[in-house]
Amino acid sequence: MTVPGSAPVLVGTRAELADELAAARAAGARVGFVPTMGALHEGHAALMAEARRRVGPEGRVVVSVFVNPLQFGPHEDLDRYPRTLPADLEVCGAEGVDVVFAPAVEEVYPRGVPWEAGADVTVEPGSLATVLEGRTRPGHFRGVLTVVAKLFGLVRPDVAVFGQKDYQQLVLIRRMVADLCLPIEIVGAETVREADGLSLSSRNRYLDAVQREQARALSRTLFAARAAAVEGPVAALHAARAELRAAEGVDLDYLELTDVDLAALPADVPPGTEARLLIAAKVGTTRLIDNLPLVLGAAPDAVPDATDATDLTGAR
């Protein structure tokens, strides 16, 4: 274990990564993995802390920093996505991360990015990738699952930690691991929020002061729904929509209530049904997403905590 505050080892190639992990594997140490696109914040730090907890002091924690071009659409923010590797290394060092893998695009896609060249083997995410984020961002989850599968093959972790904030991504990765029989424990960590409720995101830095205040409407919408969920799904959605009607500067993409696997809820929802409310909207030119677990027909304090509700290890 790297002592918190010490610099992690920075590697950029497959061979360097394998060398750094060889001794740990030979000693039987567990490997924990946190894939990121960099621009790290306290939310990412929480994922690193969870990875350390899962592998113990003798394990190795690996963080990847890679802005994956395959998951960006033609009109999305690939070019302006923040690249802050020196600051990212400080965040990783503070959390006792052992290895930071920051490869070039050519290292991850040696035959070229699939939509640019002849390297056309990708992971097909299935129908779940066509709803919610996938409806607005076609091809996004093909890019996400392809790069995650590649990184899993390179790091070969025992456990990988993802944030609940990207809940659809989390569900799809869990499904990929189960369907492809990958021996990796997938853990969903609780969304980290500012004191005012706004979920932490690398894209928050694009917001000016006015937009930052307007963006709070997303979390207010979710928590209003949670408070009303004791009365059932209709009441939860009514409370959410009332909050949105009062919001300024929020261009809603979707607000959807689903079951925990992102499937449609039945018409007659039994009391105590666990559900997920997901929202996406633009504030200014910045697209933000958020979500929250609800228990329908039960008191708000009956909602399981994040660890119990979304420790997505492949077992239900």
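**View 1. Two buried phenylalanines, Phe33 and Phe152, meet in this predicted model.** Welcome to the first close-up: Phe33 and Phe152 are both buried. Their rings form an edge-to-face aromatic pair, with 6.3 Å from centre to centre and 70° between the planes. Phe33 belongs to strand 2 (residues 31–36) and Phe152 to helix 6 (residues 140–155), so this pair ties together parts that are 119 residues apart in sequence. Phe162 joins the picture too, as ring pairs link Phe33, Phe152 and Phe162 into a cluster. Across the whole structure, a search finds four aromatic pairs.

**View 2. Phe66 and Tyr109 make a tilted ring pair.** Here the ring centres are 6.4 Å apart and the planes lie at 45°, a value between 30 and 60 degrees, so the pair of Phe66 and Tyr109 counts as tilted. Look for Phe66 in the loop between strand 3 (60–65) and helix 3 (85–94), and for Tyr109 in the loop between helix 4 (105–108) and helix 5 (133–136). These parts are 43 residues apart in sequence, and the pair ties them together. Phe66 is buried, with a relative accessible area of 5%, and Tyr109 is buried as well, at 4%.

**View 3. Two arginines place their charged ends over tyrosine rings.** In one of these contacts, the charged end of Arg80 sits over the ring of Tyr206, 4.0 Å from the ring centre. In the other, Arg276 has its charged end over the ring of Tyr167, 4.1 Å from the centre.

**View 4. A cavity is lined by residues that include Lys165 and Asp290.** The count comes to one cavity of 30 Å³ or more, and the largest cavity has a volume of about 40 Å³. Its lining is made up of Lys165, Leu198, Ser199, Ser201, Asn204, Ala215, Leu218, Leu288, Ile289 and Asp290. Helix 8 (209–228) and strand 9 (286–296) are the elements that give two or more residues to this lining. Strand 9 gives the most, with three residues. By type, the lining residues of the largest cavity divide into five nonpolar, three polar and two charged.

**View 5. Leu132 and Cys181 both have a positive phi.** Most residues other than glycine have a negative phi, which makes this view a nice one to pause over. Leu132 is not a glycine, yet has a positive phi of about 55°. You will find Leu132 in the loop between helix 4 and helix 5, where it is buried at 1% relative accessibility. Cys181 has a phi near 60°, again positive in a residue other than glycine. The place of Cys181 is the loop between helix 7 (167–179) and strand 6 (185–189). At 64% relative accessibility, over the 50% cut-off, Cys181 counts as exposed.

**View 6. Cys92 is a buried cysteine.** The relative accessible area of Cys92 is 1%, under the 20% cut-off, so this residue counts as buried. As for disulfides, a search of the whole structure finds zero.

**View 7. Ala7 lies before strand 1 (9–11).** This last stop is the segment ahead of strand 1, where Ala7 is found. Ala7 is exposed, with 68% relative accessibility. Ala7 and Val97 are 90 residues apart along the chain, and their C-alpha atoms are separated by 8.2 Å.

Terms used. Residues are numbered from 1 along each chain as its sequence is written. This is a predicted model: local features need pLDDT of at least 70, side-chain atom pairs count only at pLDDT 80 or more; totals for chains, interfaces and linings use all residues. Side-chain values use heavy atoms; hydrogens and water are left out. A disulfide is a pair of cysteine sulfur atoms within 2.5 Å. Buried means under 20% relative accessible area, exposed over 50%, partly exposed in between (1.4 Å probe, protein chains only). On a 1 Å grid over the protein atoms alone, a cavity is a set of points where a 1.4 Å probe fits but cannot get out, and a pocket is an open set with protein on both sides within 12 Å along at least five of seven lines; lining residues have an atom within 4 Å of a point. Grid points are joined across faces, edges and corners, and a volume is the space filled by probe spheres set on the points. Helices (H or I, at least four residues) and strands (E, at least two) are DSSP runs, numbered from the N terminus. Ala, Val, Leu, Ile, Met, Phe, Trp, Tyr, Cys and Pro count as nonpolar, Asp, Glu, Lys and Arg as charged, and the others, Gly among them, as polar. Rings of Phe, Tyr and Trp (its six-membered ring) pair if their centres lie within 6.5 Å; planes under 30 degrees apart count as stacked, over 60 as edge-to-face and the rest as tilted. A charge sits over a ring if NZ of Lys or CZ of Arg is within 6 Å of the ring centre and within 35 degrees of the ring normal.
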